[in-house]
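Subject: A structure for you to look at

Hi,

Here is the structure I promised to pass on to you. Have a look around first, and then read on for what turned up in it.

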Amino acid sequence: MANETKMPSEMAGTDTPDRANTNEKLEALETFRSDATGQALRTNHGVKISDNQNTLRVGARGPSLLEDFIMREKITHFDHERIPERIVHARGTAAHGYFETYEDHGALSKAGFLRNPEKKTPVFVRFSTVQGPRGSGDTVRDVRGFAVKFYTDEGNFDLVGNNMPVFFIQDAFKFPDFVHAVKPEPHNEIPTGGSAHDTFWDFVSLVPESAHMVVWAMSDRAIPKSLRTMEGFGIHTFRLINTEGKAVFVKFHWKPAQGVCSLVWDEAQKLAGKDTDYHRRDLWEAIEMGDYPEWELGVQIVPEEDEHKFDFDLLDPTKIIPEELVPVTPLGKMVLNRNPDNYFAETEQVAFCPGHIVPGIDFTNDPLLQGRLFSYTDTQISRLGGPNFHEIPINRPVAPNHNGQRDGIHRMTIDRGRASYEPNSIDGGWPKETPAAAENGGFETYQERVEGHKVRERSESFGDHFSQARLFFQSMSEPEKEHIIAAYSFELGKVEREFIRARQVNEILANIDLTLAKRVAENLGLPAPTAGTVDVKEQTLKDSPALSQMNLLVDNIKGRKVAVLVADGVDEKAVESVKAALKAEGAHAKVLGPTSAPVKTAGGATLPVDASMEGLPSIAFDAVWIPGTDKSVKAMSTNGVALHYVLEAYKHLKAIGVSDQAKALIEQLKLEEDAGLLIGDGKVADFITAIKQHRVWAREPKAKAIPA
Ligand code: HDE
């Protein structure tokens, strides 16, 4: 049965932005989705229930009866409603969508989903944080998981990546050590969702191979503004095999059509408390509003003969291939256009595994990747309760999956036929092997030649830990560098043991960049190092502009959110006109009042508001606009929430636009006009330009004087 049941997949080739239509089609195909509309309440075994309010008891005030099978079934199910959360990446959110190749990439890979531009391959994507448990905040400083399941006609392909292109360690053997160090400390389970504690910094200061990834984690990449504004990376070098059987090395990249940008630290910290669900809400709402997030899938391609041509080892997962050396070749695009129906059944039960590949894709000997190939299936067995997790609807391939693997806990498929072994003659020999030739589609491992001694050894080519960390830091713009310095200072400032702080500064940071080390040392009250401890390998490339988020913005404000602050006496026309201007650009305006009650306009009409200013604070928006009349501005001038709103948006370097009358508010707050603080009714176009810049970075030194 399972093999015949279809997944979202059948959207393949039939995508339509019309959700109702899409859902109707899905319903017909996905028999596992359940809709109770018009249905009687029944037990799990199909018996209609007449009373769902009272336990069966002896007399109205008597003892309950054990024979109440309906009550026992309900409570038993409830008792088992949680499954173990993921060891890492426990907090996540996901969406459905599709992938579409731009053209036939058969010269690169024989994988079917990269060959037919007419075909839409369904995908399910789960974004996550790494450190915190399921209920932790979305906006903590952390790496984000970016896991994509492609339901291809040749089987499922899982690209289980992160939003940073490198990793903390080089060998899977060290993963439990790393995770134990970053997780909350064992004695008191503090901190939740953060790395600012002794065990993390103890480990990374002792393990220099982590240096590159830790700079990424201290950069703005670790506090993305939205899941929609993150890049994604496959990290490891993989192989693509073409129709002729020829292989190339590749690194996978996801580039967001929404541009790449981040929160500022104060905003991220506040959001973690004021809206724990900030990122998942943003993704959910964007999809509901039809702002479907999009990413372009691309690969950096390295011919086999160039394997040893770089300053670093292609198999070392702590290294990037700078895009200036090997540009990213676009392959196709992914669109997320449907929210899950049920968090548990889909987002919680989805099981990713880097070992799920299809013909046309293959692994390399990256020792981190090799270990992952074991880990994920193993963990699903305990988390999802047995070896049949591939039968859970969200994990089922759309390709058939007949084989001799039978039985086990929670087996859904009722296999017909007697032969659960191969070869057999009593079931006609079925299911049979598929010869490996490209046109047949049987999976064939790339025949890499390997020989050597059995050793526990790290290749010398993995020995340079600092040059790319340096490249990253030195490729940052000035504001980004300042944020990195601030992040190290904040995190190390929380470390209780001074010898750990000093080791990180002297033995790690001083080897990355001496200014970075000195500035952090100064903030921690430590002696500033005067030199590094190792000779750092000179790199061919001194600067990689592709690493700075400043270069990764987009020239539109689609999907951006703008707060329009109103109070009694506001000019209704001014509200409508700014809303219309923003809508024309694809942005979303929300009208916020002193409370959730409607306000009275200057013309005496009633203007409903979307929320109160307290309910949707400035940290939930990209920009603030204040239309006004003298009356409404006067009302705001004595409202602490409204005043704080403007100050906070200013502090977070956001675009603020105010009408002529609202100039009084800006003066009251002693703020100065700048490229993003615009005064005058006619400044809407400049306001939109300022939102495109994402932040007014030039304001940052001044904004530091604003109380948080
Ligand atoms: Fe994971 N990782 N990981 N990881 N990982 C898991 O699998 C593991 C690594 C990543 O949304 C676990 O299903 C080992 C690198 C993501 O469900 C577990 C090693 C990268 C997700 C596991 C790594 C990742 C996971 C926990 C060192 C970036 C979430 C639950 C060799 C390329 C997927 C689970 C989702 C989840 C093991 C390193 C990304 C325990 C042993 C490098 C995005 O199997």
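Before the first stop, one term is useful: two strands are said to pair if DSSP finds at least two bridges between them. Please also keep in mind that this is a predicted model.

With that term in hand, go to Gly593, which stands opposite Ser612 in β15. The two strands concerned, β12 (residues 588-593) and β15, run parallel and are joined by two bridges. They belong to an open sheet of six strands, paired in parallel fashion in the order β15-β12-β11-β16-β17-β18. At its edges are β15 (611-612) and β18 (677-679), each of which pairs on one side only. A helix packs on this sheet as well: α14 (residues 572-584) touches β11 (561-565), β12 and β16 (623-626). The direction of α14 makes about 155 degrees with that of β12.

Another set of strands runs antiparallel. Strand β7 (residues 247-256) is joined to strand β8 (residues 294-303) by nine bridges, and in this pair Lys255 stands opposite Glu296 in β8. On to the next pairing: seven bridges join β8 to β9 (residues 328-338), again in antiparallel fashion. Here you can find Gly298 opposite Pro330 in β9. As a general point for viewing strands, side chains in a regular strand alternate between the two faces of the sheet.

Now to the ligand. Which protein atom is a donor of its iron atom? The OH of Tyr376, at 1.9 Å, is the only protein donor, and Tyr376 sits in helix α9. The side chain of Tyr376 also has an N or O atom 2.6 Å from a nitrogen atom of the ligand. Two more polar approaches are worth a click. Arg126 brings a polar side-chain atom to 2.6 Å from an oxygen atom of the ligand, while His89 has one 3.4 Å from a nitrogen atom of the ligand. Elements that give two or more residues to the shell around the ligand are β3 (144-152), β4 (155-162) and α9 (367-383). The largest share, six residues, comes from α9.

In total, 21 residues surround the ligand, and those that come nearest are Arg86, Arg126, Arg372, Tyr376 and Gln380. Sorted by class, the shell has 11 nonpolar, seven polar and three charged residues.

Next, a pair of helices. At what angle do α3 and α4 pack? The angle between α3 (residues 175-182) and α4 (residues 198-206) is about 145 degrees, and their axes are 7 Å apart. On the α3 side, the contact uses Asp177, Phe178, Ala181 and Val182, which meet Thr199, Phe200 and Phe203 in α4. By class, these contact residues are five nonpolar, one polar and one charged.

The loop between α3 and α4 holds Pro191, and the peptide bond that joins Ile190 and Pro191 is cis, with omega about 0 degrees. There is a cis peptide bond from Glu422 to Pro423 too, with omega near 5 degrees. Pro423 is found in the loop between α9 and α10 (467-474). That loop between α9 and α10 also contains Asp407, which has a positive phi of about 60 degrees although it is not a glycine.

If you only have time for one view, you could start from Tyr376 and its OH at 1.9 Å from the iron atom of the ligand, and then follow α9, the helix in which Tyr376 lies.

Enjoy exploring, and write back with any questions.

Best wishes

How values were computed
Residues are numbered from 1 along each chain as its sequence is written. This is a predicted model: local features need pLDDT of at least 70, side-chain atom pairs count only at pLDDT 80 or more; totals for chains, interfaces and linings use all residues. Side-chain values use heavy atoms; hydrogens and water are left out. Axes are lines fitted to C-alpha atoms, for helices over the stretch in contact, and angles run from 0 to 180 degrees between N-to-C directions. Helices (H or I, at least four residues) and strands (E, at least two) are DSSP runs, numbered from the N terminus. Contact means heavy atoms within 4.5 Å. Ala, Val, Leu, Ile, Met, Phe, Trp, Tyr, Cys and Pro count as nonpolar, Asp, Glu, Lys and Arg as charged, and the others, Gly among them, as polar. A residue is near a molecule or strand if one of its heavy atoms lies within 4 Å of it. A polar contact is a pair of N or O atoms within 3.5 Å; within protein, one must be able to donate a hydrogen and the other to accept it, and residues adjacent in sequence count only if both atoms are side-chain atoms. Donors are N, O and S atoms within 2.8 Å of the metal (3.2 Å for Na, K and Ca); water is not among the atoms, so sites may look incomplete.
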